[in-house]
Amino acid sequence: MSAAANHALEMDEVLAQAVRDAGAHIGAVYLLADDDQVLLMETETGLPAQIVKPWTRVRVSAGVPVSGSVRERRLIWVPDYQELARRFPGAAIALPYPFAAAATPIESNGDVWGSLLLMWPPSHPPELAPHERDTIDHATRRLGDLMRQAARGGRPPRDGDEPRVLAPAWAGVPDVHHALAAAGYLDRLRDSCVGLDLEGRLTFVSARAAGLLGGDLAHKLGEPLWEAAAWLKDPLFADRCRAAAVSQEATSCAVTGPAGRPLHISLHPDPSGISLHITEAAADRPERRQGAPGAGSVGLPRADVFYNLLHLAATLSRALNVQEIVGMVADHVMPVFDVRALAIMVAEGGRLKVVGSHGYDPGVPERFDRLPLTSVAPAQHALRTGEPAFFSDVDELRRMYPGAEARDGMAAWAFLPLRTSDTVAGTCVLAFDEPYLFTDETRASLTAMAGLIAQALDRALLYDAKDRLAHTLQTSLLPRRLPEIDGLDVAARYVPATRGVGIGGDFYDLIRLSDTKAAAIIGDVQGHNVTAAALMGQVRTAIHAYAAAGASPGNVLKLTNRLLMDLDPDLFTSCLLIYFDLRLRTLWAASAGHPPPLLRPPGQPAEVIDVPAGILLGVEGDAEYPTVQVPFPPGAVLALYTDGLVETPGVDLGQAIGELAEHFGRAAGEPLHELSDTLLNHAPHTSQRADDIALLLVEHRAPPG
């Protein structure tokens with residue numbers, strides 16, 4: 001036997017021994033991949049293949065117990081499904097069955113190699129027993145030693161692409177005569193009994209069951225049941241099989257047989273397989289709905305709840321602000337649970353701030369806004385402790401909080417902590433207008449939903465903070481106000497992009513050169529990030545300095561271009577520079593690859609000024625920028641803009657500029673502040689802009705008389 005095979009065999013023996021000694025029914029060993037960012041399942045026992053597949057590769061950053069044990073280098077104990085939903089909501093939605101689980105890092109000499117996972121039925125006590133902890137510690141030490149030896153010998157941690165699957169340990173080899181006697185016993189009872197292994201393959205079929213299921217199943221032993229009886233390829237039945245295998249608790253479902261007869265299937269699992277007991281359901285007997293809790297069992301999420309939570313998880317990943325989160329919860333959760341209203345609160349400055357709400361009458365959320373975190377109230381308690389609280393009616397609320405009043409006019413409440421990793425960021429309040437019975441199923445589902453909201457809220461608040469920072473930076477780099485120059489009226493607007501980081505490189509400026517002369521600048525630095533904004537500030541400062549020193553428009557751009565080449569910012573900048581001489585009623589323009597300005601002379605149509613387009617700033621060190629001279633009489637209006645005002649994918653840029661000029665001409669007579677709105681409303685895709693827009697309007701004001 002090769003060294004690698006011997007290493008794998010020893011690892012399998014450690015896992016099997018740990019499962020037996022700890023009394024678990026499922027076990028798995030995960031090992032870190034070479035990049036230490038992914039955990040790969042090396043070997044497992046007790047899990048059906050259809051459940052194993054999505055879990056064979058888990059990112060270390062994922063919100064699941066095995067990843068958490070590696071990140072935090074400690075044992076992660078999850079005693080029940082409610083705790084799983086509270087701490088690992090994504091895992092609870094992906095595996096919506098009750099169980100208890102422990103995940104422990106595999107370590108040796110300070111190195112982490114992976115994680116050991118053990119799972120028990122939900123009937124397990126709420127704490128691990130001392131002998132179970134000893135078993136886990138012993139197994140992880142042995143696994144750590146094996147991994148250290150394998151690494152020292154240069155053996156790969158995995159010998160294949162798929163995890164090894166260990167057969168469940170049998171208590172013993174059954175006696176042949178006993179097996180035949182048991183089969184005869186079942187046939188004489190005339191009951192429909194079917195035996196399956198963990199993969200759903202047939203291991204036993206009674207004669208009665210073969211007739212009821214519609215086929216000669218005795219000759220199909222070893223085949224999956226849903227292939228031997230194709231009509232049983234039903235998502236409901238498959239879900240109950242997975243639930244039985246994972247939870248090791250009896251469950252049931254109602255199906256329609258091949259002859260249209262309603263059948264009731266009870267599923268009774270153990271670590272080696274599942275026994276089915278099939279009966280014909282009486283037409284007048286109400287069937288327990290899928291996932292409803294039975295005697296001694298923990299409730300599972302209903303199908304409508306489960307799929308709405310899955311949809312909510314997918315949609316929340318796209319939420320960029322709190323109101324989007326509130327809207328998504330209102331769409332996917334409130335109708336399912338008959339929730340009347342909700343509010344999301346976060347801790348801020350020692351108080352609980354309402355950041356979003358839905359369904360409350362106007363003014364109600366303000367009654368709870370800015371209350372101290374130290375207040376004795378359920379929302380504050382959920383935030384401080386991280387524990388959810390459920391009140392089925394007002395009396396239950398008052399028993400827990402004497403003197404409490406239903407100030408929102410509701411009759412039942414769920415106060416759910418919004419937990420991210422080990423931090424509770426806020427509280428989600430769900431309110432019901434009638435008394436509401438919170439079953440274990442409902443509590444677990446709402447807790448899982450709160451975990452999803454918390455993750456989305458954390459992203460949204462971070463996005464909002466970055467967006468505020470971006471806008472603050474953008475505002476600080478643009479002129480706070482433009483100078484007042486006799487003979488000129490000016491209006492300037494900046495509109496950020498509606499997608500992305502919310503910051504760009506568009507800029508504008510107006511410079512007083514003398515009593516009768518001025519300069520106008522508009523430009524666009526490549527990119528939409530902090531680097532582009534910082535470069536924009538440098539370009540604007542350089543142009544301002546060179547223009548104030550008396551350089552001509554072309555020379556200003558030439559000198560700025562050389563400066564950028566020295567700075568080597570790896571970003572390019574377009575720029576348009578206009579000089580006005582109000583005494584001569586003339587303007588001079590020079591361009592560094594920027595869209596041309598529009599001029600509307602008094603009483604005439606607007607026209608596009610053909611400014612020679614020099615090369616972009618920062619591309620070529622010895623570039624030249626020619627200047628064009630154009631009349632600028634009193635009453636004329638000049639429009640300078642960035643490409644966000646005219647660019648549309650698939651539309652010719654020249655055509656778009658021509659249409660903007662026509663629109664500009666039709667707006668003759670409008671004051672500049674109204675004209676700026678008119679031109680911005682003409683911008684393409686105004687509601688979802690991928691680019692920011694800068695607009696500068698300059699009018700040569702006619703002298704009095």
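**A helix-covered sheet and the second largest pocket**

In this predicted model, helix α20, which comprises residues 653-666, lies across the strands β24, β25 and β28, and its direction runs at about 25° to β24. A further helix, α21 (residues 672-681), packs on the sheet as well, where it touches β19, β24, β28 and β29 (693-700), and its direction makes about 145° with that of β29.

The sheet in question is open and is formed by five strands in the order β19-β29-β28-β24-β25, with antiparallel pairing. Because β19 (488-495) and β25 (607-608) stand at the edges and each have a single partner strand, one side of each is left without a neighbour in the sheet. Within the sheet, β24 (residues 598-600) pairs with β28 (residues 637-641) in the antiparallel sense over three bridges, and L599 stands opposite L638 of β28.

Elsewhere in the sequence, attention turns to the second largest pocket, which encloses about 620 Å³ of space. This second largest pocket is lined by 27 residues, of which A62, G63, R87, F88 and Q455 are the closest to its centre. At least two lining residues are supplied by each of β3 (57-59), α3 (65-72), α4 (81-87), α5 (89-94), β17 (412-420) and α17 (440-477), and the largest share, four residues, comes from α5. By residue class, the lining of the second largest pocket divides into eleven charged, ten nonpolar and six polar residues.

Conventions. Residues numbered from 1 in each chain as written. Predicted model: local features only at pLDDT ≥ 70, side-chain atom pairs only at ≥ 80, totals over all residues. Heavy atoms only, no water. 1 Å grid on protein atoms, 1.4 Å probe; cavity = no way out; pocket = protein on both sides within 12 Å on 5 of 7 lines; lining within 4 Å. Points joined across faces, edges and corners; volume = space filled by probe spheres on them. Nonpolar A, V, L, I, M, F, W, Y, C, P; charged D, E, K, R; others polar. Pairing = 2+ DSSP bridges. Contact = heavy atoms within 4.5 Å. Axes fitted to C-alpha atoms, helices over the stretch in contact; angles between N-to-C directions.
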